[in-house]
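The report that follows describes a protein chain by its helices, a few individual residues and the empty space at its surface. Please keep the structure in view while reading.

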Amino acid sequence: MASVLPELAANRAVSLPELLTSRECRQARQQAWLAQHQSTLLVLTLVVPGGVKDSALTRNIFNLGWQALQHMWVEQGWHCLQAETLALSTGCEGFVALQADAQRVKYCAMQLEVQQPIGRLWDIDVLDSQGRILSRRDLGLAERRCLLCSQPAKLCARQRQHSSEQLLQEMERMLNDALATR
């Protein structure tokens, strides 16, 4: 399956209303996919600080995540009913309908996030066939940590502990490290 092209990124800040509309549209797409396939749904987005959600940096990180997910479902022997990526100004999104146990898919997806250093930037949601999102907590895992310190990511974000520039520099470093080990 094709990756999203980094050179076609929007490279512009998006507004809060655009982000909220994008989230609503993603939820509607999820419901449509669940209704169509009645299977486990995997959704890939990214954790991206700041206003620019679609850039060459984010598209390269997304592509690594998409490739890792493709490898995962093939390696696990899961039947893929449909897979699609969307390159949006509010950030790339990937959808995969799988004939597989949702808890097993969530466990394997979280392993990708943990085992691959760049995986910390991937936000992989797994929904069961009834549309229930499986959380890290469901599988006994701790909440995400900040990219720059050991605090919970939500706490750092809420308190604005780090600038967007610092976080984006760390993302760039993580991408370069991931590409160097390929």
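Just after helix α2, the residue G77 takes a positive phi of about 75°. Helices (H or I, at least four residues) and strands (E, at least two) are DSSP runs, numbered from the N terminus. The model is predicted, and for that reason local features need pLDDT of at least 70 and side-chain atom pairs count only at pLDDT 80 or more, while totals for chains, interfaces and linings use all residues. Residues are numbered from 1 along each chain as its sequence is written, and side-chain values use heavy atoms, with hydrogens and water left out.

**Positive phi angles**

Other residues also take a positive phi. Q38, just after α1, has a value of about 45°. N11, which is not a glycine, has a positive phi of about 55° and lies in the segment before α1. R160 is likewise not a glycine, and its positive phi is about 50°. R160 is placed in the loop between α4 and α5 and is exposed, with a relative accessible area of 70%. Here buried means under 20% relative accessible area, exposed over 50%, and partly exposed in between (1.4 Å probe, protein chains only).

| Residue | Place | Phi |
|---|---|---|
| G77 | just after α2 | about 75° |
| Q38 | just after α1 | about 45° |

**Helix α1**

Does the length of α1 agree with what is expected, or disagree? At 1.5 Å a residue, the 22 residues of α1 should span 32 Å, and the end C-alpha atoms are 31 Å apart, which agrees. The expected span of a helix is 1.5 Å times one less than its number of residues.

Within α1, the residues S22, R26, Q30, W33, L34 and H37 are buried. They cover an arc of only 110° around the axis, which puts them on the same side of α1. The arc is that of the directions from the helix axis to the C-beta atoms. P17, E24, A35 and Q36 are exposed on the other side of α1. The cover over the buried residues of α1 includes β1, β2 (79–86), β3 (93–99) and β4.

One of the buried residues can be followed further. S22 is found in helix α1 and has a relative accessible area of 9%. Not counting residues up to four places away in sequence, S22 touches R29, T90 and E93; contact means heavy atoms within 4.5 Å.

**Helices α2 and α5**

Helix α2 covers residues 56–76, has 21 residues and reaches 30 Å from its first C-alpha to its last, close to the 30 Å expected at 1.5 Å a residue. Helix α5, with 17 residues, reaches 24 Å between its first and last C-alpha, close to the 24 Å expected.

Which residues of α5 are buried? They are L167, E170, M171, M174, L175 and A178. These residues cover an arc of only 140° around the axis, which puts them on the same side of α5. The face turned away from that buried side carries the exposed residues E165, Q169 and A180. The buried residues of α5 pack against α2.

M171 lies in helix α5 and is buried, with a relative accessible area of 0%. Leaving aside neighbours within four places in sequence, M171 is in contact with V47, V48, P49, L57, I61, L121 and L147. L147 lies in the loop between β5 and α4. With neighbours within four places in sequence again left aside, the contacts of L147 are R120, L121, L167, E170, M171 and M174. The C-alpha atoms of L147 and M174 are separated by 9.8 Å, and these residues are 27 residues apart along the chain.

**The largest pocket**

Rolling a probe the size of a water molecule over the atoms shows where empty space is left. On a 1 Å grid over the protein atoms alone, a cavity is a set of points where a 1.4 Å probe fits but cannot get out, and a pocket is an open set with protein on both sides within 12 Å along at least five of seven lines; lining residues have an atom within 4 Å of a point. Grid points are joined across faces, edges and corners, and a volume is the space filled by probe spheres set on the points.

The largest pocket has a volume of about 1800 Å³. Its lining consists of 48 residues, of which R23, L46, V47, V48 and D123 lie nearest its centre. The largest share of the lining, eight residues, comes from α1.
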